[in-house]
Amino acid sequence: MSVGVIVGIQWGDEGKGKVVDYLTQNAQYVVRFQGGNNAGHTVVVDGKKFALRLIPSGILRENVCCLLASSVVVNPWAFLSEIADIEKTGIEIKPNRLKLAPEVQLILPYHQAIDEARENQRGAKKIGTTRKGIGPAYEDSVGRHGIRVCDLFDQAKLRALVERNIKHAKEYCSKVLETNFDINAQEQIEQLLQIAQKLRPFVCDVSRELTAAIAAKKTIVFEGAQGTLLDVAHGTYPFVTSSHTIAPEACVSAGIGTKSIDYVLGISKAYCTRVGGGPFPTEEMGKTGDQIRTTGNEFGTVTGRPRRCGWIDLPLLRRAIRLNGVDSILLTKLDVLTGIDILKVATHYEYQGRTMVEPDWDTDLEKVQVVYEEFLGWKEDISKATSLFDLPVNAQTYLQKIEQYMGCSLSGFSIGPERSQTIVYSNHVREIFGLTK
Ligand code: IMP
């Protein structure tokens, strides 16, 4: 019926996986369009917890076919082991439910070795990557010597590429990064040739499949990974990931025209978190930050690192809304704020004598003075609310003010990890995603 893109509008971990799971009850496709197994999506269905990394959350819905489009980077070992883990839970993954674009770039062990060595060498200035080899794999892609899924099926080409890339990676590591790694090219090639047979059934021309699905008026959901502020061009560079995380990338990656997208839904937490280094103007270092971390279980799905926690930052959200062309926003984890006496919302910044509702290209986010508006919190348990009007008045005011100051409508909120704890009250969004429940 429609094509929707669901993107994180903070620094990732906004709860996109859970929202995608909820919105795909009647969808036919879920498409991952960037990133790799640096992402971690936790979805709870009937009390059972699923930790997904590479495979779209749609895999938990029988009616959905999951696609990995060309700008995704795939560690083939991680891909196969994630399939095996999901199958252990009783969900069967056949190639008609999971498809992989032939242009997808592979993350290989030498990418991980480089990522690790670089982070170690950066010391205090490290980016705080997930050390999964994401950056080096994207570098090989734009450097035009990456190894793609389709290259696995051409033995001579694969051999030449693996030998060349491992030789270069070893030289770079020993001469520049002052470290060595022990990866044997011949063994790697043999392993990849075996993996090729396992991946072959999943390979699919994603652009053609989606073009046909759009013509047949299917419901298609693009699932973003990481978040807008980690976009390699528009995020808080250099403390970003190495892919484009914003909505337009869905079209580039999938090979569909930009006019195909009907709706962009932005996902933000009711507060803000960040993992890894980089500026975070509204970071709360005190007790309240600790309380949010503990209540919200703010620890990385992939690395287990404690997430930095703070207040919702409207100047950065306004920027993210513009970059993605967000139509409306769903605010997650509102329940985590229960019990905090005073809630803060960053409405604008003061910087070099100026009042800023959105940062400019030359605004140093480490140096802005954040201006907050404070709101009274609530103590009532909100985890069973089924509509906006079930919320305590203070929670309703908190949402209304955020909506008003952001200049973008809220279409729903979530109050817990279960499917029943996502409330989408916008009829337009319900229609777009074909929701019946
Ligand atoms: P990389 O993507 O592993 O290169 O890491 C680059 C930056 O992005 C680091 O600050 C990571 O913590 C952050 N990052 C990568 N993936 C995620 C994610 O899924 N959620 C939140 N942060 C992420």
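The paragraphs below go through the domains, the ligand site, one pocket and one cavity of this predicted model.

The domain assignment of the protein chain gives two parts: domain 1, made of 3-91 + 205-432, and domain 2, made of 105-201. Their C-alpha centres lie 30 Å apart. In the contact between the two, 27 residues come from domain 1 and 23 residues from domain 2.

Where does the ligand lie relative to domain 1 and domain 2? Both domain 1 and domain 2 give residues to the shell around the ligand, so the ligand lies between them. That shell holds 16 residues, and the closest of them are D13, N38, T130, T241 and R305. By residue class, the shell around the ligand divides into 6 nonpolar, 8 polar and 2 charged residues.

Several polar contacts can be listed for oxygen atoms of the ligand. One involves a side chain: an N or O atom in the side chain of N38 is 2.9 Å from an oxygen atom of the ligand. Two others involve the backbone. For G128, a backbone N or O atom lies 3.2 Å from an oxygen atom of the ligand. For V275, a backbone N or O atom likewise lies 3.2 Å from a ligand oxygen atom. How much of the ligand's accessible area does the protein cover? On its own the ligand has 470 Å² of accessible area, and the protein covers 97% of this.

Apart from the ligand shell, the protein atoms leave open space that can be described as pockets. The second largest pocket has a volume of about 280 Å³. Its lining consists of 16 residues, among which G235, T236, Y237, T363 and L365 are the closest to the pocket centre. The lining of this second largest pocket divides into 8 nonpolar, 4 polar and 4 charged residues.

Enclosed space is a separate matter, since a cavity is a set of points where a 1.4 Å probe fits but cannot get out. With a threshold of 30 Å³ or more, the count comes to 1 cavity. About 40 Å³ of space lies in this largest cavity. Which residues line the largest cavity? They are I9, Q10, W11, L229, C272, D313, L316 and L317. The lining of the largest cavity divides into 6 nonpolar residues, 1 polar residue and 1 charged residue.

Key. Residues numbered from 1 in each chain as written. Predicted model: local features only at pLDDT ≥ 70, side-chain atom pairs only at ≥ 80, totals over all residues. Heavy atoms only, no water. 1 Å grid on protein atoms, 1.4 Å probe; cavity = no way out; pocket = protein on both sides within 12 Å on 5 of 7 lines; lining within 4 Å. Points joined across faces, edges and corners; volume = space filled by probe spheres on them. Nonpolar A, V, L, I, M, F, W, Y, C, P; charged D, E, K, R; others polar. Near = heavy atom within 4 Å. Polar contact = N/O pair within 3.5 Å; in protein donor to acceptor, adjacent residues only side chain to side chain. Areas by Shrake-Rupley, 256 points an atom, 1.4 Å probe, with all protein chains shown as cover. Domains from an automatic or database assignment. Contact = heavy atoms within 4.5 Å.
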